[in-house]
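Student: I would like to go through this model and ask what justifies each label. Can we start with the pockets?

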Amino acid sequence: MTHAQRRALTECWARFGSDVSAALEPERLFGRHAPLVLEIGFGDGESLAAMAMAHPEMDYLGVEVHRPGIGHVLLRAEALGLSNLRVMCADAIEVLRRLPDQSLERVQIYFPDPWPKARHHKRRLIQPPFIALLIPKLKWVGQLHVATDCEDYARSILNVLRVAPELTNMVDGDGFAPRPAYRPLTRFERRGRRLGHEVWDMLFARSQSEA
Ligand SMILES: C[S@@+](CC[C@H](N)C(=O)[O-])C[C@H]1O[C@@H](n2cnc3c(N)ncnc32)[C@H](O)[C@@H]1O
């Protein structure tokens, strides 16, 4: 962790950080009522801060467990003077459990740890129990946006999302979506691109199941 990141964790936490309390109340966190985007595993948070800057009408809640990344995004939030970004140093599962149902406009998970070795696949974040926890937190028509550069994980995620109740793929064809204009390249993605990696985006929406 750099000196600046450590300083940010101390000096900027009160402004942009939030501890995981018993029940999370987004409106209290942001001091207003606005569409809420949750980003899980934002890494260094550069792309998250850029999105918050580009969309002042939305609120962005970032969750990350890597403290240097949190320090980094706090520095960006301070430099950009963002009022619509809050971050939590916590496991995404704990945060999801505490968010109210139907509170999220979008959940974005960009380049979740791929755990490429078969014996480590059980450590992957995007699996049926995690998606079952996440779905009720989405608003009706709220979106889940995932991107990965690991083909095997991309196919596994697509299979999990395709059979998840209430989720509908927003694209036809092979099920993968073009990168939406609102998503900047992330740090992890840029590194992968330099190594020639392809990227797969997946975009699903919560839809009321037909009775
Ligand atoms: C491969 S990195 C990608 C980071 C960033 N999204 C990017 O594209 O540059 C995955 C990130 O997810 C974070 N992460 C993994 N499991 C998590 C969890 N359960 N809750 C929150 N963050 C998590 C890791 O700390 C790591 O920073």
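**Pockets and a helix pair**

Tutor: Yes. In this predicted model, the second largest pocket has a lining made of Pro26, Glu27, Phe30, Arg32, His33, Ala34, Leu36, Asp59, Pro100, Gln102, Ser103 and Lys139.

Student: What makes a residue such as Lys139 part of the lining of the second largest pocket?

Tutor: Lining residues have an atom within 4 Å of a pocket point. Lys139 is listed in that lining, so it meets the cut-off. Helix H3 (residues 26-30) gives the largest share, 3 residues. The volume is about 160 Å³.

Student: How is the lining of the second largest pocket divided by class?

Tutor: It has 5 nonpolar, 3 polar and 4 charged residues. His33 is in the lining and counts as polar, because the charged class holds Asp, Glu, Lys and Arg.

Student: What is the volume of the largest pocket, and which residues lie nearest its centre?

Tutor: The volume is about 790 Å³. Its lining has 34 residues, with Gly41, Gly43, Glu64, Phe111 and Asp113 nearest the centre. H9 gives the largest share, 4 residues. By class, the lining has 14 nonpolar, 9 polar and 11 charged residues.

Student: Why are helices H1 and H5 called roughly perpendicular?

Tutor: H1 (residues 3-11) and H5 (residues 67-80) pack at about 75°, with axes 8 Å apart. Angles of 65 to 115 degrees count as roughly perpendicular. The pair therefore earns that label.

Student: Which residues of H1 meet H5?

Tutor: Ala4, Gln5, Arg7, Ala8 and Leu9 do. Their partners in H5 include Ile70, Leu74 and Glu78. By class, this contact has 7 nonpolar, 3 polar and 3 charged residues.

Notes. Residues are numbered from 1 along each chain as its sequence is written. This is a predicted model: local features need pLDDT of at least 70, side-chain atom pairs count only at pLDDT 80 or more; totals for chains, interfaces and linings use all residues. Side-chain values use heavy atoms; hydrogens and water are left out. Axes are lines fitted to C-alpha atoms, for helices over the stretch in contact, and angles run from 0 to 180 degrees between N-to-C directions. Helices (H or I, at least four residues) and strands (E, at least two) are DSSP runs, numbered from the N terminus. Angles under 35 degrees count as roughly parallel, over 145 as roughly antiparallel, 65 to 115 as roughly perpendicular and the rest as oblique. Contact means heavy atoms within 4.5 Å. On a 1 Å grid over the protein atoms alone, a cavity is a set of points where a 1.4 Å probe fits but cannot get out, and a pocket is an open set with protein on both sides within 12 Å along at least five of seven lines; lining residues have an atom within 4 Å of a point. Grid points are joined across faces, edges and corners, and a volume is the space filled by probe spheres set on the points.
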